[in-house]
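Reader: I would like to know how the labels on this model are earned. Please take me through the reasoning, one label at a time.

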Amino acid sequence: MSFKLPALNYSYDSLEPHVDAKTMEIHHGKHHAGYTNNLNNAIKDSELEGKSIKEILSSLDLNNSAVRNNGGGFYNHSLFWSVMSPDGGGLPNGDLAKAIDTSFGSFEEFKSAFSKAAATRFGSGWAWLCVQPNGKLGVCSTANQDNPLMAGIGCEGTPVLGLDVWEHAYYLNYQNRRPDYIAGFFNVIDWNVVSENFAKAS
Ligand code: MN
């Protein structure tokens, strides 16, 4: 069994103007497809073949750079597409909203912490909202295609929301204005999906 590039639940142009169609097309059809193919090649005929991506990442040897980079890339982008929607934006509600208030003080304080983590990641990487091992929500960021499922990277937890801050995610539309891209992301976050991720993780 090999990993497959997940189909999107929306068209490439439907997140505009916050994420442009050309970026979506290249990001999903080329970058994510590349990570998927390279992951399949990296695990072929190894003991990792047949395991779920969560199993692979949560027991990863960080020295295995092919699986670290491409397994991370496969998982991270799969989560990323799923937490965006043309009908997104607005505010979380229910248990997730309560947990955000408990962990950060308010939604605005969460948004500020998440945006700062995304803006200050030097070079390429991701910002995350995670259920931490202590059960609270936390914000952190990782370099390259690392993610919070990987033990030993200083950002452990179960990710419920992730934002790609590689230049390939925003440069066509925003050039160097990463903070504008981060602000735009909040207009497409599908809080219903994030709530489902939170319910499963906590
Ligand atoms: Mn990416």
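Author: Start with helix angles. Under 35 degrees counts as roughly parallel, over 145 as roughly antiparallel, 65 to 115 as roughly perpendicular, and the rest as oblique. Keep in mind that this is a predicted model.

Reader: Why are H1 and H3 called oblique to each other?

Author: Helix H1 (residues 21-43) and helix H3 (residues 65-82) pack at an angle of about 140°, and their axes are 8 Å apart. Antiparallel needs an angle over 145, and perpendicular covers 65 to 115. The pair fits neither, so H1 and H3 are oblique. Their crossing is left-handed.

Reader: Which residues of H1 and H3 meet?

Author: Those on the H1 side include His-27, His-32, Tyr-35 and Leu-39. Among those on the H3 side are Asn-70, Phe-74, His-77 and Trp-81.

Reader: What makes His-27 and His-77 donors of the manganese ion?

Author: Distance. A donor is an N, O or S atom within 2.8 Å of this metal. His-27 and His-77 each coordinate through NE2, alongside Asp-164 (OD) and His-168 (NE2), at 1.9 to 2.1 Å. That range is within the cut-off, so they count as donors. Along the chain the donors follow the spacing H-x49-H-x86-D-x3-H.

Reader: Is Asp-164 buried or exposed?

Author: Buried. The label needs under 20% relative accessible area, and Asp-164 has 0%.

Reader: How do you know that Cys-140 and Cys-155 form a disulfide?

Author: Their sulfur atoms are 1.9 Å apart. The limit is 2.5 Å, so the pair qualifies. Cys-140 lies in strand S2 (residues 137-143), and Cys-155 in the loop between S2 and strand S3 (158-164), so the link ties together parts 15 residues apart in sequence. The link of Cys-140 and Cys-155 is right-handed, with 60° about the S-S bond. Cys-140, at 16%, and Cys-155, at 4%, both count as buried.

Reader: Why is Cys-130 not bonded to Cys-140?

Author: Cys-140 holds the closest cysteine sulfur, but the sulfur of Cys-130 is 4.2 Å from it, too far for a bond. Cys-130 is buried too, at 1% relative accessibility. The structure holds 1 disulfide.

Reader: What makes Asp-146 buried?

Author: Its relative accessible area is 8%, and the label covers values under 20%. Asp-146 is in the loop between S2 and S3. Leaving out residues up to four places away in sequence, Asp-146 touches Arg-68, Asn-76, Trp-126, Trp-128 and Ile-153.

Reader: Why is Asn-144 called partly exposed?

Author: Asn-144 has a relative accessible area of 40%. Partly exposed lies between the 20% and 50% cut-offs, so the label fits. Asn-144 is also in the loop between S2 and S3. Asn-144 has a positive phi of about 55°, although it is not a glycine.

Reader: How do you know that Gln-175 is partly exposed?

Author: The value for Gln-175 is 32%, again between the cut-offs. Gln-175 sits in the loop between helix H6 (171-174) and H7. Its phi is positive, about 50°, and Gln-175 is not a glycine either.

Reader: What makes Ile-189 buried?

Author: A relative accessibility of 0%. Ile-189 lies in the loop between helix H7 (178-185) and helix H8 (191-201). Gly-89 is 100 residues from Ile-189 in sequence, yet 5.0 Å away in space, C-alpha to C-alpha.

How values were computed
Residues numbered from 1 in each chain as written. Predicted model: local features only at pLDDT ≥ 70, side-chain atom pairs only at ≥ 80, totals over all residues. Heavy atoms only, no water. Donors = N, O, S within 2.8 Å, 3.2 Å for Na, K, Ca; no water. Buried < 20%, exposed > 50% of the residue type's maximum accessible area, 1.4 Å probe, protein only. Helix = DSSP H or I, 4+ residues; strand = E, 2+ residues; numbered from the N terminus. Axes fitted to C-alpha atoms, helices over the stretch in contact; angles between N-to-C directions. Left-handed = near helix turned anticlockwise from the far one by under 90°. Contact = heavy atoms within 4.5 Å.
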